[in-house]
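Work through the exercises below with the sequence and the structure open. Each task is followed by a solution in steps.

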Amino acid sequence: MITVVGTGTGAPPPEGLRADLVVGGRRHLDAVALPEGAERIVLGPLAPALDAVAEYVAEERPVLVLASGDPGFFGIVRALAERFGAERLDVRAGVSSVAVAFARVGLPWEDAVVVSAHGRDRRTAVNVCRARPKVAVLTGPGAGPAELGAALLHHDRELVVASALGDPARERVERVTPAEAAARDWGTAVSVVLCLDPARVPGPARTVAGPPPGPAGWALAEDAFAHRDSMITKFEVRALALARLGPRLGDHVWDVGAGSGSVAVECARFGAAVTAVEKTPDGVGRVRANAAAHGVAVRVVHGAAPTVLSDLDDPDAVFVGGGGRELPAIVTACARRARRTVVVAVAALDRVPAVRAALTGAGLECDGVLLQSSRLAPLPGEVTRLAAANPVFLLWGERPRTRTEEGVDQ
């Protein structure tokens, strides 16, 4: 049997446990009374430690593994279960650093999104922080408070930096702005960073824990958004565009030529971090108003594409809904930066070849459709006619995936 004990705040003491091998970080090994005569392994690279554990398991000798907080929460339990089987584990969980951090600032956290940036690309954590009002980030080298703060400079967020939780001598919990976080050297003792939207925390009471589910409805009717003279992406077009964009939590989506921001808002409702680019001042106001009306966070950049795109972080997916004569140049700039997909709505037949060439020229695999729809419209005498909407070309380019990527859930 492998006994896994979470140490730190609220953790049960490991005293009295029998073990021939004890594995843990140096601070864990130094902080507790270890079984007499047991061999100690200071946890560094995981593979050698697991190999050592395997030797003891093969000889049916007891092993004790010490970890921080709840070892089943982004902890060592996953690796142990995969290697030795869950039935061999006796897990004695402590309190996770996330729970302790929220307790220190007096906030409930059943509605929080938790993301780990330890040993992972911090881009996902940053995008979740941009999209959600209450996020806990488990930090790591290259993805600490300074890096998170630098990535959130243009977003209205407050960071709670919780360091060395559970250590009476070293624990610190500090509230800082993204700019303050970016300007400091935080060292290596940070446990968790809470990223909070002051305008939306605390939120309404929840009956289900975890990140909010996807929207109950999407491809919303045009009257769900403020718009000018019907200048809005129609819901039939928006439905297919959203299907091709595939917005999800952890993604970053651009809506270029946002207009009313209907695509931006719908992508944000699916959990993506969204940047809307709009060149008209009244359009900027409408995008912000529509985002507020639907309770989502959308960063709005006032300026003309493709010029302003160079200052933005790379997107996973892009929707281009405007552009005029600059459309091919805009599509080219977007296609070179997009990690996954670019979707373009085109009303003029003459612009289709140039858009297609821009997508394929940037190495994307291009496809598209002509969307023609007729909506039911009432006539006097309780009869109905079909009212044809203007046809729209929807083109999309997808970046070819490598064989490795095809086998991994991104």
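**Exercise 1. A covered helix**

Which elements cover the buried residues of α5? The model is predicted.

*Solution.*
- Step 1. Locate the helix: α5 has ten residues, 122-131.
- Step 2. List its buried residues. They are A125, V126, N127, V128, C129, R130 and A131.
- Step 3. Look at what lies over them. The cover includes the strands β6 (113-116), β7 (134-138), β10 (190-196), β11 (252-256) and β12, together with helix α6 (145-151).
- Step 4. Conclude: seven of the ten residues are buried, so α5 is largely enclosed by the rest of the structure.

**Exercise 2. The chain as a whole**

State how many helices and strands the chain has, and describe its extent, its burial and its contacts.

*Solution.*
- Step 1. Count the elements: there are 13 helices and 19 strands.
- Step 2. Take the extent from the C-alpha trace, which spans about 90 × 50 × 45 Å along its principal axes.
- Step 3. Take the burial: 46% of the 410 residues are buried.
- Step 4. Consider the contacts between residues at least 6 apart in sequence. Of these, 65% join residues at least 24 apart.

**Exercise 3. The nonpolar cores**

Find the residues of the largest nonpolar core that touch the most other members, and name the elements that each supply at least two of its residues.

*Solution.*
- Step 1. The largest nonpolar core has 31 residues, and those touching the most other members are L245, C267, V274, V298, F319, V343 and L394.
- Step 2. At least two residues each come from the helices α8 (235-245), α9 (262-269) and α10 (281-293), and from the strands β12 (273-278), β13 (298-302), β14 (317-320), β15 (341-346) and β19 (392-398).
- Step 3. Set this core apart from a second, separate one of 27 residues, which includes L309, V318, L327 and C334.
- Step 4. Follow one member of the largest core. Beyond its neighbours within four places in sequence, V274 contacts V253, A264, C267, A268, V298 and R299.
- Step 5. Compare with the general rule: in soluble globular proteins, nonpolar side chains tend to be buried together.

**Exercise 4. Three helix pairs**

Describe how α11 packs with α12, how α2 packs with α3, and how α8 packs with α9.

*Solution.*
- Step 1. Recall what is needed: two packed helices are described by the angle between their axes and the distance between the axes.
- Step 2. For α11 (residues 327-337) and α12 (residues 352-361), the axes come within 8 Å and cross at roughly 20°. An angle under 35 degrees counts as roughly parallel, and α11 and α12 are therefore roughly parallel to each other. Their crossing is right-handed.
- Step 3. List the residues of this pair. From α11 come L327, P328, V331, T332 and A335, which meet A354, V355, A358 and L359 of α12. By class, this contact has eight nonpolar residues, one polar and no charged.
- Step 4. For α2 (residues 46-58) and α3 (residues 77-84), the angle is about 50° and the axes are 11 Å apart. α2 and α3 are therefore oblique to each other, and their crossing is right-handed.
- Step 5. The α2 side of the contact consists of L46, L50, D51, V53, A54 and V57, and the α3 side of A79, L80, R83 and F84. By class, there are eight nonpolar, no polar and two charged residues in the contact of α2 with α3.
- Step 6. For α8 and α9, the angle is about 50° and the axes are 11 Å apart. These helices are therefore oblique to each other, and α8 passes α9 in a right-handed crossing.
- Step 7. R238, L242 and L245 of α8 make this contact with S262, V263, E266 and C267 of α9. The classes here are four nonpolar, one polar and two charged.

**Exercise 5. Two residues**

Is E266 buried or exposed, and which residues does V320 touch?

*Solution.*
- Step 1. E266 lies in helix α9. Its relative accessibility is 0%, so E266 counts as buried.
- Step 2. Leaving out residues up to four places away in sequence, E266 touches W218, A219, L220, F225, R238 and L242.
- Step 3. V320 is in strand β14. V320 also counts as buried, at 0% relative accessibility.
- Step 4. With residues up to four places away in sequence left out, V320 touches V256, L327, I330, C334, V342, V343, V344 and A345.
- Step 5. The C-alpha atoms of V320 and V263 are 9.7 Å apart, and the two residues are 57 apart along the chain.

Note on methods
Residues are numbered from 1 along each chain as its sequence is written. This is a predicted model: local features need pLDDT of at least 70, side-chain atom pairs count only at pLDDT 80 or more; totals for chains, interfaces and linings use all residues. Side-chain values use heavy atoms; hydrogens and water are left out. A nonpolar core is a set of buried Ala, Val, Leu, Ile, Met, Phe, Trp, Tyr and Cys residues joined through side-chain atoms within 4.5 Å. Buried means under 20% relative accessible area, exposed over 50%, partly exposed in between (1.4 Å probe, protein chains only). Helices (H or I, at least four residues) and strands (E, at least two) are DSSP runs, numbered from the N terminus. Contact means heavy atoms within 4.5 Å. Axes are lines fitted to C-alpha atoms, for helices over the stretch in contact, and angles run from 0 to 180 degrees between N-to-C directions. Angles under 35 degrees count as roughly parallel, over 145 as roughly antiparallel, 65 to 115 as roughly perpendicular and the rest as oblique. A crossing is left-handed if the near helix is turned anticlockwise from the far one by less than a right angle, and right-handed if clockwise. Ala, Val, Leu, Ile, Met, Phe, Trp, Tyr, Cys and Pro count as nonpolar, Asp, Glu, Lys and Arg as charged, and the others, Gly among them, as polar.
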